[in-house]
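Me: I am new to reading protein models. Please take a close look at one part of this one, the cavity, and then work outward to what surrounds it.

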Amino acid sequence: KRPAPQPPEVERKEVLDEKMTLIEARRELHQLRRDQKKLEERGPELEEQCRSMLDEKGENEDGDEELMSEWFWLVNEKNRLIRREGELVYIVGDLELIEKHNQVEAKVRAMMSVPDNKKTPRDRREEDRLIKELVELVEKRNALLEQLEEERVRELEEDRKAEAALAGKGYKKADGAKTKSNWFSK
């Protein structure tokens, strides 16, 4: 029997537009959580300003549009961060599964390189266990990717509903909006 060939690295299906390492994903997740905390600190203050403005006047006037735009931007930004956090959690899980898969596969290849007549019953049981573990890892990864896709579809539907609700109140997403001052316009 010839030795087993070198193990190929499991290629990652493109889950998102970019490839990242586990360290990069964890670093971005940490930064994202700090950004969320900042938004959560600003949110109640801005909400109180909006409520007091509406209580005083009874309705939103043109001069208050900047405050409302900032509120809509804040809510939208918080939602974006929460969604990215969810994606990163999936990415980290995916990368961890890939790493584990590569480790187990390397062990299986090493065991398969030993001729059958030199394997003990214990070696055969361990080889079978590792092969089963490989199958389980592949199944877990497929389930993870399916969950990610389901989450994306759900988020797109939420976006559509939110835009429709805002449009019903006279707001619409401004074209090319990226700053808080023009995220939504009336």
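Reply:

**The cavity and its surroundings**

The structure, which is a predicted model, holds 1 cavity of 30 Å³ or more. The volume of the largest cavity is about 30 Å³. Its lining is made up of R83, G86, E87, L148, E151, R152 and E155. Two elements each give two or more residues to this lining, namely α2 (65-112) and α3 (121-168). The largest contribution comes from α3, with 4 residues. Sorted by class, the lining has 5 charged residues, 1 polar residue and 1 nonpolar residue.

To place these two helices, consider the whole chain. The protein chain has 3 helices and 2 strands, and their order along the sequence is α-α-α-β-β. Of the 186 residues in the protein chain, 33% are buried. Take the contacts between residues at least 6 apart in sequence: 73% of them join residues at least 24 apart.

Now follow α3. This helix has 48 residues, and at 1.5 Å a residue it should span 70 Å; the C-alpha atoms at its ends are 71 Å apart, so the two values agree. Its buried residues are E127, L130, E133, L134, L137, R141, L144, L145, L148, E155 and L166. Two of the names in that list, L148 and E155, also appear in the lining of the cavity.

E133 is a charged residue in helix α3. Its relative accessibility is 16%, and because buried means under 20%, E133 counts as buried. What does E133 touch, leaving aside residues up to four places away in sequence? The contacts of E133 are K100 and V104. V104 lies 29 residues from E133 along the chain, yet their C-alpha atoms are separated by 7.6 Å.

The other helix of the lining is α2, and N76 is one of its residues. With a relative accessibility of 25%, N76 counts as partly exposed. N76 and D159 are 83 residues apart in sequence, while the distance between their C-alpha atoms is 9.9 Å.

Next come the nonpolar cores. In soluble globular proteins, nonpolar side chains tend to be buried together. Here the largest nonpolar core has 20 residues, and A25, L88 and I91 have the most contacts inside it. The elements that each give two or more residues to this core are α1 (22-57) and α2. The most comes from α2, with 10 residues. L88 gives a picture of the packing: not counting residues up to four places away in sequence, L88 touches M20, A25, E28, L29 and L32. There is also a second, separate core of 7 residues, which includes V108, M111, L130 and L137. L130 and L137 were named above among the buried residues of α3.

That leaves α1, the helix that holds C50. C50 counts as buried, because its relative accessibility is 6%. Leaving out residues up to four places away in sequence, C50 touches L67, M68 and W71. M68 is 18 residues from C50 along the chain, and their C-alpha atoms are separated by 6.9 Å.

To return to the starting point, the cavity has a lining to which α2 and α3 each give two or more residues, whereas the largest nonpolar core draws two or more residues from each of α1 and α2. Helix α2 is thus named in both places.

Notes: Residues numbered from 1 in each chain as written. Predicted model: local features only at pLDDT ≥ 70, side-chain atom pairs only at ≥ 80, totals over all residues. Heavy atoms only, no water. 1 Å grid on protein atoms, 1.4 Å probe; cavity = no way out; pocket = protein on both sides within 12 Å on 5 of 7 lines; lining within 4 Å. Points joined across faces, edges and corners; volume = space filled by probe spheres on them. Core = buried A, V, L, I, M, F, W, Y, C linked by side-chain atoms within 4.5 Å. Buried < 20%, exposed > 50% of the residue type's maximum accessible area, 1.4 Å probe, protein only. Contact = heavy atoms within 4.5 Å. Expected span 1.5 Å × (residues − 1).
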